[in-house]
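Open the model in your viewer and keep the selection panel at hand. Each stop below says what to select and what is there.

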Amino acid sequence: MPAVDLIVTLQASEGRIEALRDVLRTLRDASLQEAGCLGYRIAQGSLSANRFFLLERWSNVEALFRHEHTPNFLEGVARVQACCESVEIQPVAWQPD
């Protein structure tokens with residue numbers, strides 16, 4: 001089974017940048033401990049400080065499914081939603097070089 005890559009775009013609510021950054025770091029640290037998590041990177045926009053991007057890589061669909069049902073994920077999603085105006089999750093397929 002192929003790896004699953006996700007790009008998540010988050011728009012922090014006014015005054016919630018630090019809170020969102022903290023939640024994302026907590027989610028990253030927990031996710032990297034899970035079987036099947038191959039990578040979890042966080043970026044903050046250079047032009048818009050309230051814009052964040054996640055690049056997640058999971059070994060397969062089953063690993064992502066298990067991740068999405070962990071207490072860390074479920075609690076983290078609630079905390080992210082409390083900090084964000086919007087969240088967009090986009091599975092991606094990388095094009096050959």
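Start with the largest pocket. Select β1, α1 (17–31), β3, α2 (61–67), α3 (71–83) and β4: each of these supplies at least two residues of its lining. Bear in mind that this is a predicted model. Now highlight α3, which gives the most to the lining, with five residues.

How much space lies in this pocket? About 260 Å³. To find the centre, show Val 8, Phe 73, Val 77, Val 87 and Ile 89, the closest to it of the 18 lining residues. Colour the lining by class next. You should get 13 nonpolar, three polar and two charged residues.

**Strand β1**

Select residues 4–12, which make up strand β1. Is this strand mostly covered or uncovered? Mostly covered: eight of its nine residues are buried.

Add the strands that pair with β1. One is β3, residues 51–58, joined to β1 by eight bridges and running antiparallel to it. Pick Leu 10 in this pair and you will find Phe 52 as its bridge partner in β3. The other strand to add is β4, residues 84–92. Here too the pairing with β1 is antiparallel, over eight bridges. Check Asp 5, which stands opposite Val 92 in β4.

**The nonpolar core**

Hide the pocket and select the largest nonpolar core, a set of 19 residues. Which of them have the most contacts inside the core? Label Leu 10, Leu 20, Leu 24, Phe 52, Leu 54, Trp 58 and Val 80. Then colour by element: β1, α1, β2 (37–44), β3, α2 and α3 each supply at least two residues of this core. β1 gives the most, with five.

Zoom in on Phe 52. Setting aside neighbours within four places in sequence, Phe 52 has contacts that include Val 8, Thr 9, Leu 10 and Ala 12. Ile 17, Leu 20, Arg 21 and Leu 24 are also among its contacts. So are Ile 42, Ala 43 and Gln 44.

Move to Leu 20, in helix α1. Why does it count as buried? Its relative accessibility is 0%, and therefore Leu 20 falls in the buried class. Beyond neighbours within four places in sequence, Leu 20 is in contact with Leu 10, Ala 12, Phe 52, Val 80, Cys 83 and Cys 84. For a distance check, draw a line from its C-alpha atom to that of Val 92. The separation is 23 Å, for residues 72 apart along the chain.

**The two faces of β3**

Go back to β3 and show its side chains. In a regular strand, side chains alternate between the two faces of the sheet. The covered face of β3 holds Phe 52, Leu 54, Glu 56 and Trp 58. Turn to the uncovered face for Arg 51, Phe 53, Leu 55 and Arg 57.

Bring in β2. Seven bridges join β2 to β3, and the two strands run antiparallel. Follow the chain from β2 to β3 through a hairpin of six residues. Two pairs are worth a click. Ile 42 stands opposite Leu 54, and the bridge partner of Arg 41 is Leu 55.

Stay on Leu 55, in strand β3. With a relative accessible area of 31%, Leu 55 is partly exposed. Display what it touches: Leu 6, Ile 7, Gly 39, Tyr 40, Arg 41 and Trp 94, not counting residues up to four places away in sequence. Then select Asp 5. Its C-alpha atom is separated from that of Leu 55 by 7.2 Å, with the two positions 50 residues apart in chain numbering.

**Last stop: Gln 90**

Select Gln 90 in strand β4. Which exposure class does Gln 90 fall in? At 39% relative accessibility, Gln 90 counts as partly exposed. Outside its neighbours within four places in sequence, Gln 90 is in contact with Asp 5, Leu 6 and Ile 7. Finish with a line to Ala 43. The C-alpha atoms of Gln 90 and Ala 43 are separated by 15 Å, and the residues are 47 apart along the chain.

Key:
Residues numbered from 1 in each chain as written. Predicted model: local features only at pLDDT ≥ 70, side-chain atom pairs only at ≥ 80, totals over all residues. Heavy atoms only, no water. Buried < 20%, exposed > 50% of the residue type's maximum accessible area, 1.4 Å probe, protein only. Helix = DSSP H or I, 4+ residues; strand = E, 2+ residues; numbered from the N terminus. Pairing = 2+ DSSP bridges. 1 Å grid on protein atoms, 1.4 Å probe; cavity = no way out; pocket = protein on both sides within 12 Å on 5 of 7 lines; lining within 4 Å. Points joined across faces, edges and corners; volume = space filled by probe spheres on them. Nonpolar A, V, L, I, M, F, W, Y, C, P; charged D, E, K, R; others polar. Core = buried A, V, L, I, M, F, W, Y, C linked by side-chain atoms within 4.5 Å. Contact = heavy atoms within 4.5 Å.
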